[in-house]
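Welcome! Take a look at the protein below, and then let us walk through its inside together.

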Amino acid sequence: MNEVNPHSHRYIYKVWTIVLLCVGFSFHSSAQLTVTPSVTLGQLMNALMGQGLTISNVNLNCPTNAYGTFSCAGPCGLGIANGVLLTTGDAINAIGPNNSTSTGTCNNVNYVDPQLTAIEPLATFDACILEFDMVPQCPTLQIRFSFGSEEYPEFVGLGFNDVFGFFITGPGPSPGCTPNFYNNTNVATLPNNITPVSIDNVNDVTNTQYYVDNTNGLEIQYDGFTTALTRTVNLCPCATYHFKVAIADAGDCIYDSGVFLDFIQCQNSFSATAGSTPAGCGCTGT
């Protein structure tokens with residue numbers, strides 16, 4: 001009996017996707033999601049970082065078409081209104097409606113990121129990686145994201161475990177501020193703080209409470225995506241941290257995955273208040 005090769009079927013789907021894209025597309029849909037691809041680094045970081053955060057040493061290792069900013073004019077189903085989109089293909093492929101089960105762009109980039117491959121050894125295709133240093137003026141930071149993919153639901157458990165990671169390096173939280181407490185620590189996990197976000201870890205069978213079936217969805221093209229996941233990270237105020245946000249295809253480059261990153265912001269940021277005390281002992285002034 002001849003076995004069916006899932007790769008061959010994926011390439012057939014890919015051809016149909018290219019035909020559909022050639023018919024026509026725009027950078028915004030008649031629904032709610034708008035994507036602006038290939039923005040400058042300044043625009044990218046302005047869309048990602050809130051007040052109380054000082055950013056430096058920004059480096060983007062990502063094909064030009066694979067990243068951008070996004071916004072939702074109404075309810076997109078993501079639970080995130082605007083922010084940054086990093087993908088393993090073409091950023092505009094995220095725009096709905098979901099009229100294809102096989103949308104994808106191969107950027108023909110092979111790259112081994114040690115943190116991503118530690119989660120999924122096959123995640124070496126079409127990586128998109130954003131790195132930067134950050135000094136927070138606060139003790140806690142809120143990180144919020146949604147991970148979506150065209151791999152859903154057909155290729156769950158078949159070796160196409162596309163993965164996303166948000167890695168932090170730096171001292172531990174105050175008051176101790178222990179050096180090297182975070183060492184490429186992945187905070188892109190489920191609320192149990194253990195399970196990484198990937199195709200095989202969140203889907204219509206596993207961890208279903210965090211999975212959204214986007215069949216016939218109007219706003220997003222991806223066949224499925226996670227609910228908006230929030231992580232609160234305890235930090236040492238005024239210390240320097242290195243952040244790396246990375247996403248990659250596993251198994252092949254055919255179908256796109258993407259991560260929608262919300263505005264990263266300080267929680268309980270420090271503030272200063274002014275006060276005065278009248279001078280005593282025969283002096284004048286305050």
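The notes below cover confidence, the nonpolar cores and the aromatic pairs. Please keep in mind that this is a predicted model. Its average pLDDT is 88, and 82% of the residues score at least 70.

**Where to be careful**

- Residues 1–8 have a pLDDT under 50 throughout, and the model gives them 6 contacts beyond four places in sequence.
- Residues 12–26 also have a pLDDT below 50, and this stretch has 15 contacts in the model beyond near neighbours in sequence.
- Where pLDDT is low, the predicted coordinates should not be read in detail.

**The nonpolar cores**

- Nonpolar side chains tend to be buried together in soluble globular proteins.
- The largest nonpolar core here has 48 residues, and the members that touch the most others are Leu86, Phe164, Phe166 and Leu261.
- Leu86 is a good place to zoom in: leaving out residues up to four places away in sequence, its partners include Ala66, Tyr67, Cys128 and Leu130. Also among them are Val245, Ile247, Val259 and Leu261.
- A second core, separate from the largest one, holds 16 residues, including Leu33, Phe70, Cys76 and Phe260.

**The aromatic pairs**

- How many aromatic pairs does a search of the whole structure find? There are 10 of them.
- One to look up is Tyr152 with Tyr211: the ring centres are 4.9 Å apart and the planes meet at 65°, so this pair is edge-to-face.
- These two tyrosines come from distant parts of the chain, 59 residues apart. Tyr152 lies in the loop between strand S6 (140–149) and strand S7 (163–170), while Tyr211 belongs to strand S9 (residues 211–213).
- Are these tyrosines buried or exposed? Tyr152 has 0% relative accessibility, so it counts as buried. Tyr211 has 11% relative accessibility and counts as buried too, because the cut-off for buried is under 20%.
- Tyr222 and Phe260 form another pair, with ring centres 6.3 Å apart and planes at 65°, so they are edge-to-face.
- This pair also links distant parts of the chain, 38 residues apart: Tyr222 is in the loop between S9 and strand S10 (224–226), and Phe260 is in strand S13 (residues 257–262).
- Tyr222 counts as buried at 1% relative accessibility, and Phe260 counts as buried at 0%.
- Ring pairs join Phe70, Tyr222 and Phe260 into a cluster. Two of these names may ring a bell: Phe70 and Phe260 are also in the second core.

Conventions. Residues are numbered from 1 along each chain as its sequence is written. This is a predicted model: local features need pLDDT of at least 70, side-chain atom pairs count only at pLDDT 80 or more; totals for chains, interfaces and linings use all residues. Side-chain values use heavy atoms; hydrogens and water are left out. A nonpolar core is a set of buried Ala, Val, Leu, Ile, Met, Phe, Trp, Tyr and Cys residues joined through side-chain atoms within 4.5 Å. Buried means under 20% relative accessible area, exposed over 50%, partly exposed in between (1.4 Å probe, protein chains only). Contact means heavy atoms within 4.5 Å. pLDDT is the predictor's confidence in each residue, from 0 to 100. Rings of Phe, Tyr and Trp (its six-membered ring) pair if their centres lie within 6.5 Å; planes under 30 degrees apart count as stacked, over 60 as edge-to-face and the rest as tilted. Helices (H or I, at least four residues) and strands (E, at least two) are DSSP runs, numbered from the N terminus.
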